[in-house]
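Let's take a walk through this fold together, starting with how its helices meet and moving on to its sheets and some backbone details. Please keep the viewer open as you read.

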Amino acid sequence: MKHDRVHFGADYNPEQWSPEVWREDIRLMREAGVTIVTFGVFSWGLVEPEPGVYDFGWLDEVMDLLGDAGIEVSLATGTASPPAWLSRLHPETLPVTRDGVRLSPGSRQHYCPSSPVYREAAVNLAVQLAKRYGGHPALAIWHVGNEYGCHIQECYCEVSAADFRTWLRERYGDLDALNAAWSTTFWSQRVADWADVLPPRATPTLRNPAQDLDYRRFSSDALLACYRAEREVLQQLTPDVPITTNIMGMWEPVADYASWAADFDVVALDIYPEPKDPGAHIDAAFFHDQMRSLGGGRPYLMMETATSAISYRPPNRPKRDGLNRLWSHQAVARGADAVMYFQWRASAGGAEKFHSAIVSHGGADNRIFREVAGLGAELAALSGIAGSRVRADVAIVHDYANWWALELDARPGELKVPERVRAHYAPLWRENVTVDVVTPEADLSAYKLVVVPNLYLCTDAAADNLRGYVEGGGHLLMSFFSGIVDECDRIRLGGYPGAFRELLGLQVEEFWPLSEGESVGLTSGGSADLWADHVVPEGAEVLAAYTGGPLAGSPAITRHAFGLGTATYLGTRPDETAMRELVRDALRLAEVEPVLQGVPDGVEAVRRGTHLFLLNYGDRPVSVAGVELAPHDVVVLAGS
């Protein structure tokens, strides 16, 4: 695809409309400034109406229409939802839930990721598409599948069970190693035959946590294997066409995207912030930073977002004037080289007919189309943005295995990763500090400050990496319940916080989770809740102690000089104001400067290349560095 501009477009589903409408669509696309569309996402049943029988006539015509109009195509392989005949002929391809219910077709993503029958049929379709359209002038990029794991993250059928055993053999080698990893001496769970190894299906009470954790890893890899199977044949047949799939910006651990990233020629994001959520733009900023980071800092594609209302979120409320423009510019500011919507024309029937689109049920003479067309013109005028990068001095550690493990049953307190990440990311956003999102084993040498929210599960390599970062002069901010278990969810013996006791210069004697509504004071000001570690310093300096509760007088926040750097530890959850002050202190210590000084609250400043983006999320006009911003307004300054 061309990289000389910020692309603008949408999901296009012409199979829902007559050829007369296609020609009207092309006219309106040119009017709106559309440069690219995703096409064919759910077309398998039309392209292959019977096994091995293909109908490309309608698809040929639309591809030619788009190409003649100068509109590039992100051509989907159409394998996101199998056709009815596959489920009828091969019901074993349908997924099975944890409690043994086999799901039926009639929705989407109704396939078992481990099914060899599904994978073979999907690859066959990808081959046919590559042979037919690999040389088409409109083809810009391949879009494999769609939103892997959005609905079926795990399948518990016998096919999946067999695939799981194969995966475990590759991971552990033999049953002795598996039994050790799963701590099967507990509750008489030792297995002596591979046939006894099962998925973590419904059980009388708590399941084996290591088994659960490995099944999440396996399920992520099974979905990735589906993508790779199609990618392999596309690479062979069309080696010059980039390949991607759209992953989701959402607070749900669908798959280990960090382990997928190397298989994307460009990262593609689907993101649907909640219009009525006052903090939605902060969550969105995190996901944009994460996508940019997954690609090693390279620009990514925002492949789906909504122009207005989102059909699956009651109440189905539209975006207010200017909000779509604001959020679209936020994506570009943080590294997106494309702004695309689901979808081009609102469906007349089906499950998502009340989802907003660029062209609504009433046509194009309305607010949404005018706003979108105006945005298309703005993006076309943004010269020098495409291909440029966003630089960050701060990294936040985010790990999917830790997410899965932290939210399993029978932990000392109920910790939710979305809340924990937000609590650390939001103060950085409010300070207008740009952040990369990294794994705990990533190269950290480029960052002045690394923030680690609740890294409960930590590999030896990750522990060594964080230790080496601080020892070499880096500054670390880490929260409670970190370093507790290894990659198999086994306790690191020798005293909490296990992997980080020496680095942090302290021991945690006991965890004191706080009840809902219970809080403690802090000598540094403010209060804290949710959790209170009983900390015994072993060289660490006490920055704040508890002023109430069961641990009154005990350290709550500490800092330890280690090597050439420092490690600050939060043994509790400070309130929002106290947390922001603590983050400010960490930024000062690490000598991290904001993107722009003196930015009012509610305004986001992001620098991408030589451009400075100023985005006002507030309901009042503000002045920033001599620039006037109306409510929900964006100003882009070039050469700043």
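In helix 14, Ala-423, His-424, Pro-427, Leu-428 and Arg-430 meet Glu-576, Met-579, Arg-580, Val-583 and Leu-587 of helix 17; contact here means heavy atoms within 4.5 Å. These contact residues divide into six nonpolar, one polar and three charged. For that sorting, Ala, Val, Leu, Ile, Met, Phe, Trp, Tyr, Cys and Pro count as nonpolar, Asp, Glu, Lys and Arg as charged, and the others, Gly among them, as polar.

Before going further, please note that this is a predicted model, in which local features need pLDDT of at least 70 and side-chain atom pairs count only at pLDDT 80 or more, while totals for chains, interfaces and linings use all residues. Residues are numbered from 1 along each chain as its sequence is written, and side-chain values use heavy atoms, with hydrogens and water left out. Helices (H or I, at least four residues) and strands (E, at least two) are DSSP runs, numbered from the N terminus.

Helix 14 spans residues 417-430 and helix 17 spans residues 576-590; they pack at about 65 degrees, with 9 Å between their axes. Axes are lines fitted to C-alpha atoms, for helices over the stretch in contact, and angles run from 0 to 180 degrees between N-to-C directions. Helix 14 and helix 17 are therefore roughly perpendicular to each other. In this vocabulary, angles under 35 degrees count as roughly parallel, over 145 as roughly antiparallel, 65 to 115 as roughly perpendicular and the rest as oblique. Helix 14 makes a right-handed crossing with helix 17: the near helix is turned clockwise from the far one by less than a right angle, whereas anticlockwise would be left-handed.

Here are the helix pairs side by side.

| Helix pair | Angle | Axis distance |
|---|---|---|
| Helix 14 and helix 17 | about 65 degrees | 9 Å |
| Helix 11 and helix 12 | about 30 degrees | 10 Å |
| Helix 5 and helix 8 | roughly 30 degrees | within 9 Å |

Now look at helix 5 (residues 116-133) and helix 8 (residues 209-237). They are roughly parallel to each other, and helix 5 passes helix 8 in a right-handed crossing. On the helix 5 side the contact includes Ala-122, Ala-126 and Ala-130, and on the helix 8 side it includes Ala-222, Ala-225 and Ala-229. What mix of residues makes up the contact of helix 5 with helix 8? It has 13 nonpolar, no polar and three charged residues.

Helix 11 and helix 12 (residues 367-380) are likewise described as roughly parallel to each other, and their crossing is right-handed. Asn-324, Arg-325, Ser-328, His-329 and Val-332 of helix 11 touch Val-372, Leu-375, Glu-378 and Leu-379 of helix 12. By class, this contact has four nonpolar, three polar and two charged residues.

Both of these helices also touch sheets. Strands 21, 22 and 25 form an open sheet in the order 21-22-25, with antiparallel pairing; two strands pair if DSSP finds at least two bridges between them. Its edges are strand 21 (603-608) and strand 25 (634-638), each pairing on one side only. From one strand to the next, the twist averages 15 degrees. Strand 21 joins strand 22 (residues 611-616) through six bridges, and Arg-607 stands opposite Leu-612 in strand 22. Helix 11 (residues 323-333) packs on this sheet, touching strand 21, strand 22 and strand 25, with its direction at about 150 degrees to that of strand 22.

The other sheet to find is an open one of nine strands, in the order 5-4-3-2-1-9-8-7-6, with parallel pairing. Strand 5 (243-244) and strand 6 (246-249) are at its edges with a single partner strand each, so one side of each has no neighbour in the sheet. Within it, strand 3 (residues 72-76) and strand 4 (residues 139-143) share four bridges, and Ser-74 has Ile-141 in strand 4 as its bridge partner. Helix 12 lies across strand 1 (7-12) and strand 9 (336-341), at about 140 degrees to strand 1.

A few backbone details deserve a closer look. The peptide bond from Phe-342 to Gln-343 is cis, with omega near 0 degrees, and Gln-343 sits in the loop between strand 9 and helix 12. Tyr-496 and Pro-497 are also joined by a cis peptide bond, with omega about 5 degrees. Pro-497 belongs to the loop between strand 13 (475-479) and helix 16 (501-504).
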